[in-house]
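Good morning, and thank you for the time. I would like to take the group through one model and then through a few of its local features.

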Number of protein chains: 2
Amino acid sequence: MTETDCPVETPASGPREGAFGNAVALACRECGHQVELGPFYACPECFGPLEVSYEFPAITREEIEAGPRNIWRYQALLPVPTDIQSSPNTEPGFTRLLKADNLGRELGIENLWVKDDSTNPTNSFKDRVVACALSAARELGSKVFACPSTGNLANAVAAAGARAGIKTVVFIPSNLEHPKQVNSAIFTENLVAVDGNYDDVNKLASEIAGEEDGWAFVNVNVRPYYAEGSKTLGYEIAEQLGWRLPDQIVIPVASGSQLTKVDKAFQELIKLGLVEEKPYRIFGAQAEGCGPVATAYKAGTDAIRPVKPDTIAKSLAIGNPADGIYVLDIARRTGGAVEEVTDDEIREGIVLLARTEGIFTETAGGTTVAVTKKLVEVGALDPTQETVVINTGHGLKTLDAVSGQVSAAATIAPSYAAFKATGI
Amino acid sequence: MTETDCPVETPASGPREGAFGNAVALACRECGHQVELGPFYACPECFGPLEVSYEFPAITREEIEAGPRNIWRYQALLPVPTDIQSSPNTEPGFTRLLKADNLGRELGIENLWVKDDSTNPTNSFKDRVVACALSAARELGSKVFACPSTGNLANAVAAAGARAGIKTVVFIPSNLEHPKQVNSAIFTENLVAVDGNYDDVNKLASEIAGEEDGWAFVNVNVRPYYAEGSKTLGYEIAEQLGWRLPDQIVIPVASGSQLTKVDKAFQELIKLGLVEEKPYRIFGAQAEGCGPVATAYKAGTDAIRPVKPDTIAKSLAIGNPADGIYVLDIARRTGGAVEEVTDDEIREGIVLLARTEGIFTETAGGTTVAVTKKLVEVGALDPTQETVVINTGHGLKTLDAVSGQVSAAATIAPSYAAFKATGI
C-alpha cells in the first residue's frame, strides 16, 4: 500500500497547524525516506514501516515536572498538540515504579524495580498508545476508532472511544478470555469476535482498513502515532528514578513495538540532555508457546520465522511480530537478550510477583517475571546491576490462568472454634 | 471492651516518637473523652467509637504539592510517621479526577466530575485505608495483618501485607464473587471463606481479635487509624479541583466511614486555610437491597434498623453500618440526602458510566451513578452546581453483574464479507 491509497480520510484542508506537536515528518525505518505527517504507515519507496520523527526544541526537566500527572507531561516529546489535555481522553500513565526488594531477594537481584502499568485506566499499558492514536484520529478527522486486538488493546480502544464520543469497533479472537471480552463490551456496542487467532484478526483489520473510508485502526493505519505512546514508559522510568536510566530493563515482546520504543525514549532523553548518557541493556520476554523472536535470538539469526501461537500468555500471542527484527537489533546492540519460558513458569511468575510485591499481573507480566528469573539463572542478566521489570497488565483479566493454583485455605462456619480448627 | 483488654500487643517501650505523625490522641466521637494513641478503638467511658485527633502545624499547598504522587503527600494530615514512604507499601492514591461531560449530559448535570478510585493498586479505595492501617500495625508491633471483608478490603489487605512482608489472614463471606476471591488468594495463603454474610464475618473477626494476641484487624482494632485513610479522597478532590471544594458530592455508603471522612477532610482543609470556606452538600448512595441508612433518612429518624442484605452490590452489603448515624448527621447538616436504587438501576448505572466516560465500575460505582441520576430526578441534587461522584471500585471484580447485559455484537469468520454482513 502506498500513501496515495491510504484509507483514512484527511480533512480537505489537511491537519491543523500543530496537530502533531514537535513531530515534523514520518520517516521510513528501513530506507530513511520521509513523507509528510498524515494517515500513512508504509514507506512509498520501500514499503518499510514509517516512524514519527521530530525537531525538538530545548526541553527541561522542570517543564516536564510542572505538567499533569499523566503521559501528557511528555506532550513535547509526542506527536500530539499542545492542547491535548483539553480533549476528552482517559489520562493514562504516570503509574507506580515500585522498589521490589522482596522479589529481588527471591530472584537474587540486588536492586530491582517494577514499573506497574496494571493501574492504568483499563489496566494495561495499551491506554498509553491508544491515547496517542486517539489524538491522531481526531486530528486526521477519522470517523471510526478501531483495532484488532488480543484483548488489552480492545479494552483501551473501546474505553477511550467512549470517553471521546467517537464510534468504536473492536475485533478480537473469539477464544479470548471472558474478562477481556466483557471489559470491551461494557464500553462499546461494536465488539466483533472473529473465529481465528490474532494474526487472522489482524489480517482482517488490514483488509477493512483498505476498503472503508475514515476508519482509524490504531495499530494499522495510524500505527506510527500509536506506537509513540510506548515511549512514555521509558520517560516515566527515567524520571521516577530521578532522571536516570536503569542498567537493565526486561520488557515483554508481542509485536515488539514497546521494547523498541523504550529504547527510542532512552535515546531521546540522552540527546535532549535530560539524563546522563550511559550504557543500558534491554531484554525481551516471550512465552515458549509463541517465541519467534527468542528463537531467532538464540539461533543468532535475523530471520524470524512466524509461529502459530499456543500459550496462556494470549496478550503476547502474536506469531508474526512486526517489530521482531528491531527487537533483535536492540537486544544485540545493548548487550541484552531475548528469552522465553513455559506456561508453568508463567503461572509461577504471576504468583511470585503477587506474593512478594502485592501486584497481581496478567500472563504477560508472569512471563516477564519468569524470564527475569531465567536470565539470572543463565547468567545473561547481571544481578548486581539496577534492573527494571515492566508489568504491562492486570491479573483480573486472565483469572483462569491462576484460578486452579490459588484458592481459599478453608471454608468454615462463623465461629472461633471453626477458625482455630484450621490451624492458621 | 476497654482499652486495657485490647488484643493488639504494643511493644514494651510503646510506639516510637512520631509514630503517628501530627496525631496527638484518640477522642471519643460520642463523649469526647480522650485516650492515648495506641491499639484502642472503643471509648473506655461510654464505648463510643474512637477517632484520631491532631494538632496540626501550619501546612501549605506548596508543601503538599512537592510530595509524592500518592496519599503520602498528605502525610502531615494522617496518623503516620514522616518516614512513611520508606516502609514498603502499595503507594495508593492520587487517582484520576475526570471531567465527566458525557455523563453530565445524560444526567442533566452541568458540571460533573468522577473521582476514579478503580485505578488504585488493588482497584478500589480500600488501598488508601489499608495503607494507613498497615502503618499503625507496624508502629504497634502487630504480628498478623487481618480483616473481615466484602472483597475489596480483602484484596487490599492481602496485597499490602505481601508487599510489607507481614503475615496476612483475610476473612470473606463464602458466596463472594469469584474474581474477588482469586484477587485475594493470589496474595495470601490465608484466605478464609466463612459461611455467612458480612455481618457474620465481622462478628467472627471481633471474636478472634478478642482472643488472639498481636493481630491487627484493620477495620476492627486499628480502625481509628484505618478510617483516616479515606480522608485522602477528600484532600485529592479539593487539590485536583485547584484547591477548591465542590458544591455537591455523591458517595456510596457501606459502613458509612468513607462519607464521614470526606466531610472531615473538607473541614480540616477549611480550618487549615488550604481551601476557602464554602457550603457543600454530601449525598449518600445505597442499594435498595441493603439501604438501612437511606430508609432512616427518608423516615426522618436517627434509628437505623439493621437489615439482612440482598443486593448485587456486595461491597455495600453491610446490614448494620457502624457509621450510619454519622452519615445521617452529615447529610442533614449539609443539605444532602441518602438515596437508594434497585439492582436493575445499579446495572444500568454501570453500563451508563462505561459508555459515557470509559470507566468500568463495580456494583458500588453503579449504585453511586444510579443514585446521582435519581437525586436529580427527585430534585434533591441541584443540576446547576459543581458535582463530584466517587467511583470506589473496578468492574472486573463484579463481572457477573453485567455479563448478561453486554457481549460481542457478532462472532464472524475472518473475512471482509463476513464483517460487512454484520451491518456495523
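I shall speak about the symmetry, then one helix and its packing, then two backbone details.

This is a predicted model, in which local features need pLDDT of at least 70 and side-chain atom pairs count only at pLDDT 80 or more, while totals for chains, interfaces and linings use all residues. Residues are numbered from 1 along each chain as its sequence is written, chains are lettered from A and ligands numbered from 1 in the order in which they are written, and side-chain values use heavy atoms, with hydrogens and water left out.

I begin with the symmetry. A turn of 180° with a shift of 0.0 Å along the axis lays chain B on chain A with an RMSD of 0.0 Å, where the superposition is by least squares on the C-alpha atoms of residues with pLDDT of at least 70 in both copies. The two copies are thus related as by a two-fold rotation axis. In chain B, the C-alpha of B:Thr119 is the nearest to that axis, at 2.5 Å. Of the interface residues of chain B, 100% are also interface residues in chain A, so the copies meet through the same surface.

Next, helix H11 of chain A, residues 324-334. Helices here are DSSP runs (H or I, at least four residues), as are strands (E, at least two), numbered from the N terminus. Which residues of H11 in chain A are buried? They are A:Gly324, A:Tyr326, A:Val327, A:Leu328, A:Ile330, A:Ala331 and A:Thr334; buried means under 20% relative accessible area, exposed over 50%, and partly exposed in between, with a 1.4 Å probe and protein chains only. The buried residues pack against helices H9 (257-271) and H10 (292-299) and strands E11 (281-287) and E12 (337-341) of chain A, contact being heavy atoms within 4.5 Å. Just after H11(A), A:Gly335 takes a positive phi of about 85°.

Finally, two residues of chain B that are not glycines have a positive phi. B:Phe47, at about 65°, lies in the loop between strands E2 (34-35) and E3 (50-54) of chain B. B:Phe94, at about 50°, is in the loop between helix H1 (61-65) and strand E4 (97-99) of chain B. Are these side by side in burial terms, buried or exposed? B:Phe47 counts as exposed, at 53% relative accessibility, whereas B:Phe94 is buried, with a relative accessible area of 13%.
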